[in-house]
Amino acid sequence: MLQQMKETLLALREYALERNLQAQLSLHREDSHLTRLANGSVSLNTMESVTSLSVTAYGDRRTATATLVCGLKDLDMMRQAVDRAAAMLPHASRLSFQPTLPSIPADSTCETGYDAALAQLGSAGILDYISDAAAGLEDEDLTLGGSFSVGGTAWCTLSTATPHSVSWRLSDAQITLVLASAKNKWEINAEQSAQSLDDLDPKAMRRHLAFLKEQYLTREAVRLPLGPVRVVFGAAATAEYLSYLSYLGLDGSAMKQGNSIHREEDIGQRTLSHKITVTEGPDCPGAFALPTDDFGRSRGTAAWYDKGVLRGFIWDQGAADEYAQTPTGHNLAHHSFALQPGDMAVNDLQALAAAPRDTDILYVPYLHYTGVVSPSEGLITGTSRFGALLLKKDGAIQVPYNVRFTEKLEDIFGGKLLWLSSESTVYNTSSTYGSRNPSALRVPRLMCCDQINVEISNKSY
Amino acid sequence: MTHPWKEELNKLLLQGASYADVRYTPREDSAALVMRNGNLLAFSAGSERGFGVRVLYQGAWGFAASSDLGSITATFARALDNAKSTARRLSRPIRLADKQVHTGRFTSPCLVDPAQVPYDEQVAFLRRVDTALQQTGVEQRMIFLRTQSRLTEYYDTQGAQIVKEIREIFPYLGIQGRDGDGETQSRRYSPPRLGPTRGWEIMQADFFEEQAARMVRELNETLAAPKCPSDVRSVILMPDIMYLQVHETIGHPLELDRILGYELSYAGGSFVRLSDFGALRYGTDKLTVRADATMENSPGSFGYDDDGVEAQNNLLIKDGILVGAITSRQMVTEANDKMGREYFKGSGGTARASSFRRTPLERMTNISVDPGTDGTLEDIIAKTEKGIVLSGDKSWSIGSNREQFHFANHYGYLVEDGQKKGVVRSCAYSGETLPFYNSLAMVGDERTWQVEFVPNCGKGMPSQTMQLGHGVPVCRFDNVKVGE
């Protein structure tokens, strides 16, 4: 696949050079399979095979881009896309900076993250997994929902500057299973991310769902009082906050535009708790990490927050050009951030529930539909969802209705942070909008914060 | 080029399928221009083509799509295989509600196709508006222009043949500045419906310059303003936030697939139960809401949906009582079965797919609040003792069953004893859906009513972004929690 994509791009490169065009040429290929479940049934079983070409023409302080979705063998249509970008370029208005054309110094191909057995799992394999994960959990009221997205993504890019290319191929699966009570309108879920077939563990999904099901069927439902509470966030919720932090805290372009919690003078300052170390780079197992960026730069793993100290901002080439900065090797389809684990040897919900405690703890595995209320304040609002529990200080467990928090990132990862689990896990953050692009974050399994303010407490799950 | 769609569909019937349809997009052209602080950072044009096949086999759906027209037969076979695989885990076979079979064509109203406008003219437009935004207090300027032209052919095994050609144009302006505390404040503008058509003819530079001047004035007022108080008061929602309130807390919870649990793993469910139809008091008797896909010139009007059902105008809430939902052929049969009666008389014609590579889902059309009888904004302010007028969709966050919400706004000013008072910054309000609509105290008349466009409603897995509209008046809700 990658070889065919590279040959196609090399042919287009020749075509562009014959027209004296400077351009970056990229091909994206996805073979996606998504099985969706609702009310105990498969509600949809889809496959999409899509090839996308992108041609960005570079001129004197200007760029223009033509994209095309077509077949991989539609070379004539692809040449027309090159022509189109060339025709658009003179009409682009001049920029205040010169954009940098990629000049890839050597071929880079990475297929270590591709497992054909996962990418081509097929409907039977998917349904076997689902059957194992849900075995014995459903009844007349409790039915299974969710989705199993699996597939392969291939990427190849080069430019007219050199004949070398950067290419990669990844397999991935993103699985969410939901057990829903139609009568009581609650939902519990379990999620899994996979890069290879060996990562699939339906029994772990079943164990998690079974534990939560037991709590939700037998424990008293409660509406929490408004005000501060100690919260232990699960991996999904922590990943949500980390995802915001990676942009609102570390993106150089966002900082320059006033959409960051930091300013340049914060570099070298302790801005978060000393417990917070955030890395990004290829040494991030399970997070679909890429060794080389689209400019052919080899990437290393760096700490961007180092024990709470901001070490710098992330600059892709475009932002670096615009703001006269040094690029950091981040022209990528996706980043691979990791929040390093802490020292609390409590690494799953069952252990948390069993651990002694001197105050009530609200366990929030997942935040639903978060929004940025104020980017420069890092103020994020969202609602608890999917299997929250109230762990009473006397050892009892209750099932809370959903609550809303509106908290600042600098508090979540700063003064309000109490502890992080000693083990981390991968949380899949892939979006199925647009083209397939597997992505994930590595986060501690649990994160405990104090004084989280319940500002709305609802009467339903 | 003629493609053998009907032959391929017939083959599926011979292989045991009970129904199948294909959507073929021979051409979709799009363009995006992004100018930030005078720099044209994105200047892109895109084309795509492809087809998607949906097959119903023994009550189970299968779907396959490809951008490769050399793989038509294989893709049809894959869709059938997917349906056959699905049948292995199927607790309730899918039935489709009856429909009238149509042969038809729909073209969205457009005088000047944006794709035919010279690039220089498009870029010059952005430059002119950017100049208007470049004023004291403004630290960041953003102009975004997205256009789209899609031709879709639809065929199904019942004999339907529908061609749709839909052109969209979505301009957007945004500015930011820093307030006295160093925090970022912003103001944005996306035009509502501006007339009977929506091609390049709506891009009147004088009009956008006027909007730019207003935005700059309101941003500077906000930058100099004190913080919004945190208290409980009446909120008077302008159409540019009322549309989002309706979208999130009436539109989404009334999608029948959400009500039936089809979105639980991702977007969420709905607090509405099937037993609520015809009985639930959703709001005060001032609240009447409809799903009107026949409205003139809106992205939520499309002629025929992607089930091949003709567009309709249906009531959702009548005088405060829940009476209808946003429905498709599949969901109404399931809902009726579960209700034990034929409450839904047929598909509401709202199944739409965002692309050839996605399957149709219940999507909002034009979910609109009927205008009321409480006059103009000024009339409403004059009758408000303690309130705040809110404008702009700065942020939004909604509970998974749409039972509660939090919205932040770009611009707001207080109202005391029927008088406009000072502007305040960092405005936000929150509440619970049913108590909120049951506190609807005043609904502006037709002079306050306008159709807001939504270019980016997200739903489904694989995810889909859809375009639609909301006709909304100025509305006042009492006893609402405001403040950050």
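These are my notes on the nonpolar cores and salt bridges of this predicted model.

I took local features only at pLDDT of at least 70 and side-chain atom pairs only at pLDDT 80 or more, while totals for chains, interfaces and linings use all residues. Side-chain values use heavy atoms, without hydrogens and water, residues are numbered from 1 along each chain, and chains are lettered from A.

**Cores**

I looked up the largest nonpolar core (buried Ala, Val, Leu, Ile, Met, Phe, Trp, Tyr and Cys residues joined through side-chain atoms within 4.5 Å). This core has 60 residues, and B:Phe277 and B:Tyr429 are among those that touch the most other members. Helix α5 (residues 239–251; helices are DSSP runs of H or I, at least four residues, and strands runs of E, at least two) of chain B gives the most to this core, with six residues. I noted a second, separate core of 57 residues, including A:Leu158 and B:Tyr189.

**Salt bridges**

I found 64 salt bridges over all chains, each a side-chain nitrogen of Lys or Arg within 4 Å of a carboxyl oxygen of Asp or Glu.

A:Arg436 pairs with A:Asp172 at 2.9 Å, N to O. A:Arg436 lies in the loop between β21 and β22 of chain A and A:Asp172 in strand β6, so the pair ties together parts 264 residues apart in sequence. A:Arg436 is buried at 9% relative accessible area, and A:Asp172 is buried at 2% (buried is under 20%, exposed over 50%, partly exposed in between; 1.4 Å probe, protein chains only).

I also checked B:Lys286 and B:Asp374, whose closest N and O atoms are 2.9 Å apart. B:Lys286 is partly exposed at 30%, whereas B:Asp374 is buried at 13%.
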